Amino acid sequence: MAQGIRRPHEAIDFAAIERMYPPPPEYFETAYFEDRETIERKQLARLIDRAWRAYEIPFHRNRWDAAGFHPSHLKTLDDLWKCPSYTVDDIRISIDNNPPYGDYQGVTPALATREPMRVYMSGGTTGKSRPTFYTAWDRMAGAVFTARALYQLGIRPGDVVLNSWAYSTHNGAMCFDEALYSWLNCVVLTTSTGNVTSTEKQVELAIQYGATAILTTGDYLFRIAEVARSLGYDPEKDLKIRALPNIGDADLLSSTFGAPYYRSYGFHEVQWVASECEMHDGLHIYEDGFIVQVVDVETGEPLPDGSLGSLCVTELYKTGTAQFRYNILDLSYLYPKGQCGCGSWLRKIGPFAGRGDNMVKLRGVNLWPEGVGEVACSVSGTLPDYFVTASRVNNRDELSIIVVSGRDSSQFADIQAEVERVLHGRFGLKISASVVRPGEIDHLTEFLTSPKPKRFKDERGG
Ligand SMILES: [Zn+2]
């Protein structure tokens, strides 16, 4: 052994990960069916462990001390509500005051010889990048949750999978890579995006290797289908796609590729949190790794089950940087506790319903651009692609939406009128619409270059 260096295989106890956080397929035969008492007993023990660890990190300790919270206060799961939450704004301040990593990390690069680690960043396009350091354990345990989600989508051990996400500073591509390779025993073909491996080449590779999934956005999958057709292939018959990505138009993806569509939810700092079962009614939270609360977007106060609010997530699996009551500002709601039709007692959340920090108050009505987009794109003649802008006109906030249509431009005026009528009917407000051809808003949505298409721009200024 090299002096003082601890290698990844020495830093990760694989047997412990498998025991604590069973990977698929075992998970779906074991922990997935545990009763509430067992689930919550494990959660409480792990929560207390995580709280003591988080308390060693200045960011959390300072906030908790100021709020009068201490890890010893955690006697039941409900006590978690006594702990203050934080948002991305607090992370930004932490980085400003303690550049370049902030004081919210559980490790520093100087520890890398003892604690093998990786760093990924989010938010690079607007403002400063927000790094998250992952220990080797955090990567490997986190990959279990991603593997569970991929298994739920329909990916099976032994499959060949194209990973068409951009390998970049962002967590996305690598977290899929690690999950597919380390826990699902899939063959990963790392094509990256169309800028790295041409779409024609991606189509050829997927067919030659019999790939069962192409991991990318729904929008890029549609482009792959389009190119496949132009090369003389039938996307449903010649591509063997069995699992679809979790971002995109569900019905159109299903009918294009002849595969079922399942929703799932995850984010940069923690990998995957929840995925849909065959009942297609809510996403089961991986409760051995997470506690998910739903809070009011504006006040942070608890909301009753079924109410749309912001997800506040506490991870229960890491050894490095802690996410402890992280108010992620993704909108969803909790299902009441109870047994699902699939047999699982794991709590469920609704599908991702937009970003809380994009909320626009228009004449007293709270609107989310994603909600407006979903309603607009339900109008016949529109494609699942849109861009919403908030602006200030004559001292009034206004919202406008651009929708995309593949129809002849002579129909655009009718489509525009229908979108405005449907939006007015749904929200009781005038939201102006315009219609453009496919591709004309790509520079706004950045869908070829960004891991998630952008759907909203706020032009109201301070
Ligand atoms: Zn279920």
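## A tour starting at Ala243

Select Ala243 to begin: leaving out residues up to four places away in sequence, Ala243 touches Leu153, Gly154, Ile155, Thr212, Ala213 and Ala259, where two residues are in contact if their C-beta atoms, placed from the backbone, lie within 7 Å. The structure on your screen is a predicted model, in which local features need pLDDT of at least 70 and side-chain atom pairs count only at pLDDT 80 or more, while totals for chains, interfaces and linings use all residues. Residues are numbered from 1 along each chain as its sequence is written.

Stay with Ala243 and find the loop between α9 and α10 (250–257), which is where Ala243 lies; helices (H or I, at least four residues) and strands (E, at least two) are DSSP runs, numbered from the N terminus. Ala243 counts as buried because it has 23 C-beta neighbours inside 10 Å. The cut-offs behind that word are these: a residue is buried if 20 or more other C-beta atoms lie within 10 Å of its own, exposed if 12 or fewer, and partly exposed in between, with C-beta atoms placed from the backbone. Now add Ile155 to the selection, and you will see two residues that are 88 residues apart in sequence but 5.9 Å apart in space, C-alpha to C-alpha.

**The cores**

Ile155 leads on to the largest nonpolar core, which has 90 residues, and Ile155 is among those with the most contacts inside it, together with Leu150, Ala179, Leu184, Ile214, Val273 and Val313. Such a core is a set of buried Ala, Val, Leu, Ile, Met, Phe, Trp, Tyr and Cys residues joined through C-beta atoms within 7 Å. Select residues 136–153 next, which form helix α6, the element that gives the most to this core, with 12 residues. A second core, separate from this one, has 22 residues, including Ile402, Val403, Ile431 and Ala433.

**Helices α7 and α8**

Move to helix α7 (residues 172–182), which is mostly covered, since eight of its 11 residues are buried. Those buried residues are Gly172, Ala173, Cys175, Phe176, Asp177, Glu178, Ala179 and Leu180, and they pack against α6, β3, β4 (187–189), β5 and β7 (271–276). Pick out Ala179 from this helix: apart from its neighbours within four places in sequence, Ala179 is in contact with Ala143, Thr146, Ala147, Leu150 and Leu184.

In helix α8 (residues 199–208), select Thr199, Gln202, Val203 and Ala206, which are buried. Look down the axis of α8, and these buried residues fall within an arc of 100°, so they line one face of the helix; the arc is that of the directions from the helix axis to the C-beta atoms. An α-helix has 3.6 residues a turn, so residues three or four places apart point the same way. The cover over the buried residues of α8 includes β3 (160–163), β5 (213–215) and α9 (218–230). After α8 comes Gly210, whose phi is positive, near 60°.

**A pair of strands**

Select strand β17 (residues 432–436), where the side chains alternate: Ala433 and Val435 point to one face and are buried, whereas Ser432, Ser434 and Val436 point to the other and are not. Add strand β16 (residues 396–404), which runs parallel to β17 and is joined to it by five bridges; two strands pair if DSSP finds at least two bridges between them. Within this pair, Val403 stands opposite Val435 in β17.

**Two domains**

Colour domain 1 (155–257) and domain 2 (357–458), whose bounds come from an automatic or database domain assignment. Their C-alpha centres lie 28 Å apart, and the contact takes 12 residues from domain 1 and seven residues from domain 2.

**Backbone details**

Most residues other than glycine have a negative phi, and most peptide bonds are trans. With that in mind, select Arg325 in the loop between β10 (309–315) and β11 (326–332), where Arg325 has a positive phi of about 60° although it is not a glycine. Leu329, found in strand β11, is likewise not a glycine and has a positive phi of about 65°.

For the last stops, select Pro24 and Pro25, which are joined by a cis peptide bond with omega near 0°; Pro25 has its place in the loop between α2 (14–20) and α3 (36–54). A cis peptide bond also joins Pro99 and Pro100, with omega about 0°, and Pro100 lies in the loop between α5 (88–97) and β1 (117–122).
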